[in-house]
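User: I am new to this structure and would like to understand the terms used for it. Could you take me through them with care?

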Amino acid sequence: MNDTAHTPHITESSGGGHGGRLPAMMLAALGIVYGDIGTSPLYTLRECFSGSAGLPMTTGSILGVLSLILWALVLVVTVKYGGFIMRADNRGEGGILALMALALRAGTADGRTPRRRRVILALGMTGAALFYGDGMITPAISVLSALEGLEVAEPGFAPLVVPAAMAILIGLFMVQSKGTERVGRLFGPVMMLWFVVLAVMGVAEILHNPGVLRAASPTYAIALTVEAPWLTFVVLGAVVLAVTGGEALYADMGHLGRRPIRIAWGAVVLPALVLNYFGQGALLLRDPEALVNPFYHLAPSWGTVPLLILATAATIIASQAVISGAFSLSRQAVQLGLIPRLEIHHTSTAEIGQIYVPRINWLLLAAVLALVAGFRSSSNLAAAYGIAVTGTMVTTTLLAAWVVRRQWQWPAAAAVAVIVPFLVIDVLFFAANTLKIAEGGWFPLVVGAGVFVVMMTWMQGRKILYDRLYADALPTDLFLERLRPESPMRVAGSAIFLTGNPAVVPHALLHNMKHNKVLHERVLLLHVALAEVPFVLPDRRVAVEKLGKGFFRVVLRFGFMERPDVPMGLERCRPHGLHIDLMESSFFLGRETLIPSAHAGLPRWQEPLFITLSKSMQPATGFFNLPPGRVVELGTQIEI
């Protein structure tokens, strides 16, 4: 019916701006963008010394680790994402799939498309697959790390941490269908309070030991590397926890714009994070026993419970951002033809980004609960977290390199000078995390591999299905030449045939003529083109071609951030002289029944997977917002 693998590259788009005053947008950025990275102080420094690195807690090592964390924040988040990656916007939109779509257009412009397209698709699918792993781990590790403050407040409460975390997460996922528009207004103020508290706690401890500020010099990171190169490499696997959520700067750019995100980072988030990390370091210099939970030990005894409540709220916000990101990523993947059609509910009439994807929601909940029950602590989950984050970072850098060379047309020397340092940092972080595969790093790899196989199987299967459907199809021009006024009989009204290839006669039309012996007075061959841009310009939404004998070829274009609303698109045909009355029209859809084939096609092991995916996808009636009472489905069997 529509096949994005065979849709021409559509480059026109309107990214849509954002309104509102800058302070309001900055506050929104705190709630939407920085929840994940803002809750990293709950566990990062603890994992640097209590994890597998075995780094001794000396003054030099503490200052060295603080220096590594600071410069990771500066180089990865500030310079790479804030200063560089955010420039690679796809008509204002960001995120791994938006970058992949941009790279597809940039990297295939010279005609040598097949190999480059496969490489770019593989990178994009890898990054997207790992993001799903991140989306499962973030809620689990965030909420667990917050509730572990119960053990600090009262050691006897330790057995309550896991059940309390599971209860909160169940509640969070159950309210997704209601939308987050109202409660989302509280996200920004809560996260502002959170960052203020982070900074105040850090400053209070730094005042007791201002010498910890020496760690701002990169010489301490260098000294630690020289003195203990292997241990420093291993500890990078924990240092990277400080930059988890950095990808959100890029992914949420389309909602808020670059400027509010960048200013919020430089003015609020980065200073608060650095002060808190340095405060934890000062505490460890004074009291090494505080390593059991340096974040909560920064607070006075009377402040533990209020801090626990605030931390739980902050981690819920961080989890919500990741869940919403998984919904958005899923919608983009559907529109780009990477996964089957999914049921998508729009929970806001004012904001296109407010969506709910039931199947993704419940799959995430099941995975998150399994993680909490299986790993039982944030320390155990930390090993799994880094692989997902660093894998996405590497794929983002590689796709950006493609854009730099092919679209921005940078000289090779300039591209290498910028990309290679970022890539070296990303690869070092990823390599350090591969040491934790046995400890839990296997989980995002398994999830990522599973999602990648699903995406690859779906793309390959849809291409084979497309070829089988249209290999021997009758060209429309030839069909119209043979069409006679007296046969078949023409009946009143309009017939709209959705087709993946508007140049040929749809099977549904031929089946209708064969069985019903009629044609409608007006016949539309409708192709829905899902583009590799976020939004299609209104004046490029519709293309109408009059073919004669009552036939019209209509192409409706939608971006991967838009809902493909066919009735709305048909309304836009009026300026082209085509008036469609939906109550006098019938939509004819082809429904394919797939059966395994002994001939060359998908590998045997992929055939049942593709058939299962095809059966599970949302019907076209709902996906294209067709009026259910006006739809006729005509089936056919196809070997795959």
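Analyst: The largest cavity has a volume of about 150 Å³, and a search of the whole structure finds three cavities of 30 Å³ or more. This is a predicted model, in which local features need pLDDT of at least 70 and side-chain atom pairs count only at pLDDT 80 or more, while totals for chains, interfaces and linings use all residues. Residues are numbered from 1 along each chain as its sequence is written, and side-chain values use heavy atoms, with hydrogens and water left out.

User: What makes a space a cavity, and what does its volume stand for?

Analyst: On a 1 Å grid over the protein atoms alone, a cavity is a set of points where a 1.4 Å probe fits but cannot get out, and lining residues have an atom within 4 Å of a point. Grid points are joined across faces, edges and corners, and the volume is the space filled by probe spheres set on the points. Of the 14 residues that line the largest cavity, the closest to its centre are Tyr 470, His 507, Ala 508, Gly 590 and Glu 592.

User: Which elements each supply at least two residues of that lining, and how do the lining residues divide by type?

Analyst: They are α21 (437-470), α23 (507-516), β7 (585-595) and β8 (631-639), where helices (H or I, at least four residues) and strands (E, at least two) are DSSP runs numbered from the N terminus. The lining of the largest cavity divides into seven nonpolar, five polar and two charged residues; Ala, Val, Leu, Ile, Met, Phe, Trp, Tyr, Cys and Pro count as nonpolar, Asp, Glu, Lys and Arg as charged, and the others, Gly among them, as polar.

User: How do you know that β7 and β8 pair?

Analyst: Two strands pair if DSSP finds at least two bridges between them, and β7 and β8 are joined in the parallel sense over nine bridges, so the condition is met. Within this pairing Arg 591 stands opposite Gly 635 in β8, and Ile 595 stands opposite Glu 639. Both strands belong to an open sheet of six, in the order β5-β6-β4-β3-β7-β8, with mixed pairing.

User: Why are β5 and β8 called edge strands?

Analyst: Each of β5 (542-548) and β8 pairs on one side only. For β5 the partner is β6, in the antiparallel sense over six bridges, and the two form a hairpin with two residues between them, where Lys 549 in the turn has a positive phi of about 55°.

User: Why is α1 called roughly perpendicular to α10?

Analyst: Helix α1 (residues 22-32) and helix α10 (residues 187-206) pack at an angle of about 80°, with their axes 7 Å apart. Axes are lines fitted to C-alpha atoms, for helices over the stretch in contact, and angles run from 0 to 180 degrees between N-to-C directions. Angles under 35 degrees count as roughly parallel, over 145 as roughly antiparallel, 65 to 115 as roughly perpendicular and the rest as oblique, so α1 is roughly perpendicular to α10.

Terms used:
1 Å grid on protein atoms, 1.4 Å probe; cavity = no way out; pocket = protein on both sides within 12 Å on 5 of 7 lines; lining within 4 Å.
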